[in-house]
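Colleague: I would like to learn how to read a model like this one, feature by feature. Could you take me through it?

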Amino acid sequence: MLVGVQPFAGAARAAEPQVPVLWDAKERLPKPDLSALPRLRFLTTTDFPPFNFLDGAGRLSGFHIDLARAICAELDIADKCQIQALPWAELDDALQKGEGEAIIAGIAATPEMRAKYSFSRSYLQFPARFIMPKAKAFPEPILDKLRSKRVGVLAGSAHEKMLRDYFGTVQIILFDRPEGLYSDLKAGKIDAAFGDGMRFSFWLGGRDAAGCCRFAGGPYLAPEYLGSGMTIATRAGDPALAAAMDYALQEISVKGTFAEFYLRYFPVSFF
């Protein structure tokens with residue numbers, strides 16, 4: 001199912017950055033008592049900017065680092081909170097050995113992984129988006145306006161299948177590499193590009209785009225194509241800790257802290 005996304009209520013004008021709201025503010029989750037927890041060690045990586053990276057002073061920084069600290073603050077265990085960065089391939093082994101309590105690094109909550117981990121609810125999803133030259137970008141509804149237009153997409157991607165299934169009236173132009181997709185969009189050889197909104201946002205805000213283009217229509221979420229988004233993983237035998245993450249994540253969203261982090265690390269919003 002293809003669905004739109006509710007933007008952050010504070011983003012009143014389309015020209016302003018919009019923040020996704022994935023939590024129902026009316027739902028009240030019980031606050032967990034983690035006073036008996038000796039410590040909460042988040043495991044993450046160092047090589048996935050802007051989520052995790054080493055800053056100029058060699059300090060671990062990024063969206064996930066700020067989010068983990070905010071979670072600990074909401075759970076009233078900031079003094080017990082630790083964050084450790086490891087290579088991606090070592091995260092699972094460290095968690096299973098008890099060297100950490102949670103992984104905040106974008107492990108996909110697939111059915112196979114649910115046999116191995118308990119997961120929080122999703123705190124960030126990655127919509128599909130169209131981008132077009134600024135002077136020609138369409139607002140919603142976009143389907144009829146795109147009829148017969150040349151739309152580029154990466155060959156073999158989930159976005160290609162999604163484009164074919166939901167926007168079948170366009171002329172689909174396949175690309176092997178994103179560089180070619182962006183180059184042809186800037187040169188006017190295609191009318192639009194379709195793909196991952198987050199990666200598009202980085203390109204739109206970068207030097208290569210040179211201010212040529214913007215998002216058009218959307219955003220579109222389709223979990224059957226794009227997955228369920230980012231979650232926090234705990235050991236399969238620890239669903240209570242995953243539920244504690246849900247409480248903290250909702251509070252962070254309702255209080256506007258999530259919006260602050262999102263706008264800090266994603267100045268060109270992909271929603």
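Colleague: Which domains does the assignment give for the protein chain?

Modeller: Domain bounds come from an automatic or database domain assignment. Here the assignment gives domain 1 (40-125 + 228-265) and domain 2 (128-225). Taken over C-alpha atoms, the centres of domain 1 and domain 2 are 30 Å apart. Before going on, note that this is a predicted model, where local features need pLDDT of at least 70, side-chain atom pairs count only at pLDDT 80 or more, and totals for chains, interfaces and linings use all residues. Residues are numbered from 1 along each chain as its sequence is written, and side-chain values use heavy atoms, with hydrogens and water left out.

Colleague: Let us turn to empty space. What is the volume of the second largest pocket, and where does this pocket lie?

Modeller: Rolling a probe the size of a water molecule over the atoms shows where empty space is left. On a 1 Å grid over the protein atoms alone, a cavity is a set of points where a 1.4 Å probe fits but cannot get out, while a pocket is an open set with protein on both sides within 12 Å along at least five of seven lines; lining residues have an atom within 4 Å of a point. Grid points are joined across faces, edges and corners, and a volume is the space filled by probe spheres set on the points. The second largest pocket has a volume of about 360 Å³. It is lined by 15 residues, and those closest to its centre are Gly106, Phe126, Leu226, Gly229 and Met230. Domain 1 and domain 2 both give residues to this lining, so the second largest pocket lies between them.

Colleague: How does the lining of that pocket divide by class?

Modeller: The classes work like this: Ala, Val, Leu, Ile, Met, Phe, Trp, Tyr, Cys and Pro count as nonpolar, Asp, Glu, Lys and Arg as charged, and the others, Gly among them, as polar. For the second largest pocket, that gives 7 nonpolar, 6 polar and 2 charged residues.

Colleague: And how many cavities of 30 Å³ or more are there?

Modeller: The count comes to 2 cavities of 30 Å³ or more. The largest cavity, with a volume of about 50 Å³, is lined by residues including Trp23, Tyr123 and Phe258. Its lining has 6 nonpolar, 1 polar and no charged residues. The second largest cavity has a volume of about 40 Å³, and Phe126, Leu226 and Gly229 are among the residues that line it. Since both domains give residues to that lining, the second largest cavity also lies between them.

Colleague: Now the cysteines. How many disulfides does the structure hold?

Modeller: A disulfide is a pair of cysteine sulfur atoms within 2.5 Å. The structure holds 2 disulfides. One joins Cys72 to Cys81, with an S to S distance of 2.2 Å; with 65 degrees about the S-S bond, this link is right-handed. The other is formed by Cys212 and Cys213, their sulfur atoms 2.4 Å apart, and with -95 degrees about the S-S bond it is left-handed.

Colleague: Is Cys213 buried or exposed?

Modeller: Buried means under 20% relative accessible area, exposed over 50%, and partly exposed in between (1.4 Å probe, protein chains only). Cys213 is buried because its relative accessible area is 6%, whereas Cys212 is partly exposed at 23%. Both Cys72 and Cys81 are buried.

Colleague: What surrounds Cys213 in the fold?

Modeller: Helices (H or I, at least four residues) and strands (E, at least two) are DSSP runs, numbered from the N terminus, and two strands pair if DSSP finds at least two bridges between them. In strand S11 (residues 213-220), 6 of the 8 residues are buried. Strand S7 (residues 128-133) pairs with S11 in the antiparallel sense over 5 bridges, and Pro133 stands opposite Cys213.

Colleague: Which backbone angles deserve a second look?

Modeller: Most residues other than glycine have a negative phi, and most peptide bonds are trans. Here the peptide bond from Gly218 to Pro219 is cis, with omega near 0 degrees, and Pro219 lies in strand S11. The bond from Pro49 to Pro50 is cis too, with omega near 5 degrees. As for phi, Ala210 has a positive value near 55 degrees; Ala210 is in the loop between helix H6 (197-204) and S11, and counts as exposed because its relative accessibility is 60%.
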